[in-house]
Amino acid sequence: MSEAIRINKTTAPKPKPKDAELGFGQIFTDHMFLADFQEEKGWYDPRVEPYGPIALDPAAAVLHYAQSIFDGLKAFRGVDGKVRLFRPQKHVERMQSSARRLCIPPLDPAFALQSITTLVGIDRDWVPRMMGTSLYIRPTIIASEAFLGVRPAKSYLYFLILSPVGAYYPEGMAPVKILVVDKFVRAVDGGMGGAKTAGNYAASLYASEEAKHAGFTQVLWLDGVHRKYIDEVGTMNIMVKIGDEIVTPPLTGTILPGVTRDSALHLMRRWGLRVSERQISIDEVTEAHQRGRLEEVWGTGTAAVISPVGELSYQGQRMIINGGKIGPLTQRLYDAIVGIQYGQSPDPEGWTVEV
Ligand code: COI
């Protein structure tokens, strides 16, 4: 899109929350970024407006058939006061592949990145200061055409909103209890599991509510075909350490290609650790636990960064991992990633982009 970005700033800035009181995704900044798409015009009218409700026709395709994609990334205020985005290009690339899977016209990557830096630049005072807090960035594309036939829409809305956040789980970086579900699945081979699209999250709610009622924080999904291979944990990628091997399921289309997953794999390979992207069955995990070789389990995601798993429960059998405490590798990964995000450690791969 070559059009200049129109900027309409708010005349009524909102009071900012206290860093220590931030939860996840409840508070939004003063502005949002928008752009429209029509078949004849392509993407047009990029603009920044005061944050507020958007008007949609009740027949808008997204409301009926969930033709939508989103992504989630963060901006951090470093120990040096600089504001940095973490791997924004990787998130923009993922948005493009999610868009293709949902038949949504992708945004030009340079434009998508520009929309992020423009909006974060305008609302930079909203980037919180306290360690562990950040500005969560949520780019979204929805099908806006008013049409009830089932086919890709001819018009779309792109919007980008920002939310100052604290820890994703109220308990912070603490080991969580996870229920392994075999009654429900999140994704199937050939389905949409590899795309960041609304429907995947709607599909996850029922099992996740059941798990919460049973006293667990989240679920561990098994593959949709055999209900045997581990897939994702809650909304995160999963990694397990068995002896000296770290295993995570491969990107075969059913799991989300996580940016934190990629960052963790990269770091562990650089540290000379034995990392395998391979299928791993829940039976192998259970057996490793019985033999005392299941050393650590953790989830990786943008929202929580690294989330240690302290307990897995499968078919009534409880597996306590590392005595229910954060394992040394889990902690090392968390510290390494957070160190780069807050500008405390060098960034040899150039993962951060200053705003
Ligand atoms: C993540 O960043 O880990 C997520 O996918 C969670 C998000 C959907 C709130």
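Is S208 buried or exposed, judged by its relative accessibility? At 5% relative accessibility, S208 counts as buried, where buried means under 20% relative accessible area, exposed means over 50% and partly exposed lies in between (1.4 Å probe, protein chains only).

The model is predicted: local features need pLDDT of at least 70, side-chain atom pairs count only at pLDDT 80 or more, and totals for chains, interfaces and linings use all residues. Residues are numbered from 1 along each chain as its sequence is written, and side-chain values use heavy atoms, with hydrogens and water left out.

**Overall dimensions**

The protein chain contains 7 helices and 18 strands; helices (H or I, at least four residues) and strands (E, at least two) are DSSP runs, numbered from the N terminus. The radius of gyration is 21 Å, close to the 20 Å that the globule rule gives for 355 residues, so the chain is as compact as a globular protein of that length. This radius is taken over C-alpha atoms, and the globule rule is 2.2 Å times the number of residues to the power 0.38. Along its principal axes, the C-alpha trace spans about 60 × 50 × 35 Å.

Of the 355 residues in the protein chain, 53% are buried. The accessible surface comes to about 15300 Å², and carbon and sulfur atoms account for 52% of this area; such areas come from the Shrake-Rupley method with a 1.4 Å probe, and for residues only the protein chains shown count as cover. Contact means heavy atoms within 4.5 Å. Among contacts between residues at least 6 apart in sequence, 72% join residues at least 24 apart.

**Nonpolar cores**

A nonpolar core is a set of buried Ala, Val, Leu, Ile, Met, Phe, Trp, Tyr and Cys residues joined through side-chain atoms within 4.5 Å. The largest such core has 43 residues, and those with the most contacts inside it are V120, I137, I141 and Y158. Strand β8 (residues 155-165) supplies the largest share of this core, 7 residues. A second, separate core of 24 residues includes V247, V285, V297 and M319.

Which residues does V120 touch, not counting residues up to four places away in sequence? They are A75, V83, L85, L135, I137, L162 and V355.

**Helix α4**

Helix α4 (residues 198-213) has 16 residues and reaches 23 Å from its first C-alpha to its last, close to the 22 Å expected at 1.5 Å a residue. The expected span of a helix is 1.5 Å times one less than its number of residues. A kink of about 35° is centred on L205; the bend at a residue is the angle between axes fitted to the seven residues ending there and the seven starting there.

The buried residues of α4 are N200, Y201, S204, A207, S208 and A211. An α-helix has 3.6 residues a turn, so residues three or four places apart point the same way. The buried residues of α4 pack against β4 (68-70), β9 (176-181) and β10 (218-222). S208, which lies in this helix, is in contact with Q218 and V219, leaving aside its neighbours within four places in sequence. G215 follows α4 and has a positive phi, near 95°.

**Helix α7**

The 14 residues of helix α7 (residues 328-341) should span 20 Å at 1.5 Å a residue, and its end C-alpha atoms are 20 Å apart, which agrees. Because 10 of its 14 residues are buried, α7 is largely enclosed by the rest of the structure. Among the buried residues are L329, L333, Y334, I337 and I340.

P328, placed in α7, is exposed, with a relative accessible area of 62%. Leaving aside neighbours within four places in sequence, P328 is in contact with E296 and N322. The C-alpha atoms of P328 and E295 are separated by 9.6 Å, and these residues are 33 apart along the chain. After α7 comes G343, whose phi is positive, near 70°.

**Positive phi outside glycine**

Most residues other than glycine have a negative phi, and most peptide bonds are trans. Two residues that are not glycine have a positive phi here.

| Residue | Phi | Loop | Relative accessible area |
|---|---|---|---|
| R227 | about 55° | between β10 and β11 (230-233) | 36%, partly exposed |
| N322 | about 50° | between β17 (317-320) and α7 | 32%, partly exposed |
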